[in-house]
Amino acid sequence: MVGDSGYHVFDAKIQKEDNLYHIKEFLAERNPEKYKNTNDDYDINTISELINKILTQ
């Protein structure tokens, strides 16, 4: 996902197992020049909200 800054902020590795998809790895940018947040819980909540928003459109 690209943030307001234009930088790639989040990345998720998704794996399909049978008929289900699982997020196996989730990465958040930690270079303060690109993304100032360092709170893991905030990033987890943000990606959860983004996924829910996409799925309910």
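# A guided tour of a β-β-α model

Start with the whole chain: read along the sequence, the protein follows the pattern β-β-α. Its secondary structure comes to one helix and two strands. Helices (H or I, at least four residues) and strands (E, at least two) are DSSP runs, numbered from the N terminus. This is a predicted model, in which local features need pLDDT of at least 70 and side-chain atom pairs count only at pLDDT 80 or more, while totals for chains, interfaces and linings use all residues. Residues are numbered from 1 along each chain as its sequence is written, and side-chain values use heavy atoms, with hydrogens and water left out.

**The whole view**

Show the C-alpha trace. Along its principal axes it spans about 40 × 25 × 20 Å. Now colour by burial. Of the 57 residues, 16% count as buried. Buried means under 20% relative accessible area, exposed over 50%, and partly exposed in between (1.4 Å probe, protein chains only). Turn to contacts, meaning heavy atoms within 4.5 Å. Among contacts with a separation of 6 or more, 19% are between residues 24 or more positions apart.

**Strand E1**

Select Phe10, which sits in strand E1. Phe10 is buried, with a relative accessible area of 5%. Add Arg30, 20 residues away along the chain from Phe10; their C-alpha atoms are separated by 9.9 Å.

Next, pick Glu17, also placed in strand E1. Glu17 counts as partly exposed, at 32% relative accessibility. Which residues does Glu17 touch, not counting those up to four places away in sequence? Select His22 and Lys24 to see them.

**The loop**

Move to Asp18, in the loop between E1 and E2. Asp18 is exposed, with a relative accessible area of 72%. Check its backbone: phi of Asp18 is near 55°, a positive value in a residue other than glycine. Most residues other than glycine have a negative phi.

**Helix H1**

Now select H1. Its 16 residues should span 22 Å at 1.5 Å a residue, and its end C-alpha atoms are 23 Å apart, which agrees. The expected span is 1.5 Å times one less than the number of residues.

Pick out Asp43, Thr46 and Ile47: these residues of H1 are buried. Look down the axis of H1. Its buried residues fall within an arc of 95°, so they line one face of the helix. That arc is taken from the directions from the helix axis to the C-beta atoms. What covers the buried residues of H1? The cover includes E1 and E2. Then flip to the other side of H1, where Asp41, Glu49 and Leu55 are exposed.

**The largest pocket**

Last stop. A pocket here is an open set of points on a 1 Å grid over the protein atoms alone, where a 1.4 Å probe fits, with protein on both sides within 12 Å along at least five of seven lines; lining residues have an atom within 4 Å of a point. The largest pocket has a volume of about 220 Å³, counted as the space filled by probe spheres set on the points.

Select Ala12, Ile14, Ile23, Ile47 and Ile51. Of the 13 lining residues, these lie nearest the centre of the pocket. Strand E1 (10-17), strand E2 (20-28) and helix H1 (40-55) each give two or more residues to the lining. By class, the lining has eleven nonpolar, one polar and one charged residues. Ala, Val, Leu, Ile, Met, Phe, Trp, Tyr, Cys and Pro count as nonpolar, Asp, Glu, Lys and Arg as charged, and the others, Gly among them, as polar.
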